[in-house]
Amino acid sequence: MKKLCAVLAILMFIIGALPSLAQDMMDYPSDMTACEIDLTGETINIFHFGDLSGPNAFITQPLVAAVTDAMSYWNSRGGVCGAELQQIYEDTGGNLESTQSVYDRFTNEYADELDLLLLYSSNDGELLREQLAEDEIVSFISAGSIESLYGEDGQTPGWLYAGNPLYINQFGFFCQFVAANPVAFPDPVIGFVTWPGAFGLAGTEQAADDYCAGLGVEVLDEPQIFLPTDSDILTQVQNAIDSGANIIYTNTLATGPALIAGTLVDLGMEDEIQLAGVNWVMDTSVGILGQRVLKPNGLPAVDGMIGSMPYLWWTELSSPAVQFVMQQFNANNRSPAEQNIAYLVAWGVVDSIIETTIRTVNAVGSLDAVTGADIRPIVESMDYEVLGGLYRFHYEEGMRDGVLNRIAVLKYANSTMSGAATGPDDALLIDDGAGGKLFVPIVVPLSDFMEVPQLRG
């Protein structure tokens, strides 16, 4: 199968500030609730922990940078309702024993303050699901598994709230996209090549297979599994192809999609097999790591990969939310590698935490009086456009994950930043800081925002 090549109009992927943005600093884009309580002299702590040095580090490290920049922004402007923002966080290295240890320490040391917690991964969410409920701690997470958000039965909403749609719902949405594009995908057969665990295997459930089959999209029964530490997955990719897959779908991030794409190039199958995956495959880290292997046309191996994009992206500069985060990114002299999903979404998470805190303090009368039990109904009653439109914060009728999604493609900018490069000769190349050159990844939407199917049962 030839790779999907249709590309919508592409705005430039910003390396430095736009002149117009550099001249006039923007106002904060969110329409936040007015403060009714003066919190001058108090501190609002943003608690978070997760993998900052293990397999997820490429994604998560910019999260800390964004939280830091957001705190600096607010504290330099008098704080939130007068209160100073502070973050308390720790690296678990992706180890569940460390996750439990950090959680135990946080809940003991900050027992009177820890009512709202930011988590990074589905595995951490599953581990802590029941403990969060017992301790009455609300948790925000970018994306969670069915079990972490809805319990083993898939029907019991907990204390975790995910900004992204469930991965199984993202996969069903991808099948919709494939079925709606029969010219690009005439006889679609999808094979999973993915990591183990709650994240890696999400979407391999029978409910997803049945849904996709109903759309005329076949999904192979057996996923091909590899570890985040693996460097050779030729067997797994070949097994999927030999079983009939002409689309490889992956729930991996950072090195994972890059390794699969490189393997397809090694097999000479880069033009026959479409690579796709969950929202994390669209991250800047994948666009950078995917340059270790080049296609015969000279472009990085991941060029043309498609995936979910349930929020706005850096190139959508018509959005005040994106303009604002871009301006802050440049004002804080962040590196191109930090211009990823986590940095963008983390600004949104801080915005959500602030809005939730303001509404809860207004309701209970003081910051000291706030409990997780007070925060929970506030969260479930909100219908809030994060950062004025980055994504929607809305959890009605027991929902614990987002419902809007779209499909995008990962490409590389051409030298005039007017579209996608067709090869190295017309590509935009920048210094990598080590004497080499980097292609500049861009993410381009291929569909509008629509509701995902609900496949958790």
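These exercises, each with a worked solution, concern a predicted model.

**Exercise 1.** Find the disulfides of the structure and state which cysteines each one joins.

Solution.
- Step 1. A disulfide is a covalent bond between the sulfur atoms of two cysteines. The cut-off used here is sulfur atoms within 2.5 Å.
- Step 2. Cysteine 35 and cysteine 81 meet this cut-off, with 1.9 Å from S to S.
- Step 3. Cysteine 175 and cysteine 212 also form a disulfide, at 2.1 Å.
- Step 4. The structure therefore holds two disulfides. Counting bonded cysteines along the chain, the pattern is 1-2, 3-4.

**Exercise 2.** For each disulfide, give the handedness, the parts of the chain that are linked, and the burial of the cysteines.

Solution.
- Step 1. The link of cysteine 35 and cysteine 81 has -70° about the S-S bond and is left-handed.
- Step 2. Cysteine 35 is in the loop between helix H1 and strand E1, and cysteine 81 is in the loop between helix H2 and strand E2, so the bond ties together parts 46 residues apart in sequence.
- Step 3. Buried means under 20% relative accessible area, and exposed means over 50%. Cysteine 35, at 39%, is therefore partly exposed. Cysteine 81, at 16%, is buried.
- Step 4. For cysteine 175 and cysteine 212 the torsion is about 90°, so this disulfide is right-handed. The pair links helix H6, which holds cysteine 175, to helix H8, which holds cysteine 212, 37 residues apart. Both cysteines are buried.

**Exercise 3.** Classify the ring pair of phenylalanine 329 and tyrosine 343, and locate both residues.

Solution.
- Step 1. Planes over 60 degrees apart count as edge-to-face.
- Step 2. The planes of phenylalanine 329 and tyrosine 343 stand at 90°, with the ring centres 5.2 Å apart, so the pair is edge-to-face.
- Step 3. Phenylalanine 329 belongs to helix H12 and tyrosine 343 to helix H13, 14 residues apart. Both residues are buried.

**Exercise 4.** Which residues of helix H14 are buried, and how are they arranged around the helix?

Solution.
- Step 1. Helix H14 covers residues 372-381, and its buried residues are Gly372, Ile375, Ile378 and Val379.
- Step 2. Down the axis of H14 these residues fall within an arc of 120°, so they line one face of the helix.
- Step 3. An α-helix has 3.6 residues a turn, so residues three or four places apart point the same way.
- Step 4. The elements that cover the buried residues of H14 include strands E3, E4, E5 and E13 and helix H13.

Key:
Residues are numbered from 1 along each chain as its sequence is written. This is a predicted model: local features need pLDDT of at least 70, side-chain atom pairs count only at pLDDT 80 or more; totals for chains, interfaces and linings use all residues. Side-chain values use heavy atoms; hydrogens and water are left out. Buried means under 20% relative accessible area, exposed over 50%, partly exposed in between (1.4 Å probe, protein chains only). Helices (H or I, at least four residues) and strands (E, at least two) are DSSP runs, numbered from the N terminus. The arc is that of the directions from the helix axis to the C-beta atoms. Contact means heavy atoms within 4.5 Å. Rings of Phe, Tyr and Trp (its six-membered ring) pair if their centres lie within 6.5 Å; planes under 30 degrees apart count as stacked, over 60 as edge-to-face and the rest as tilted.
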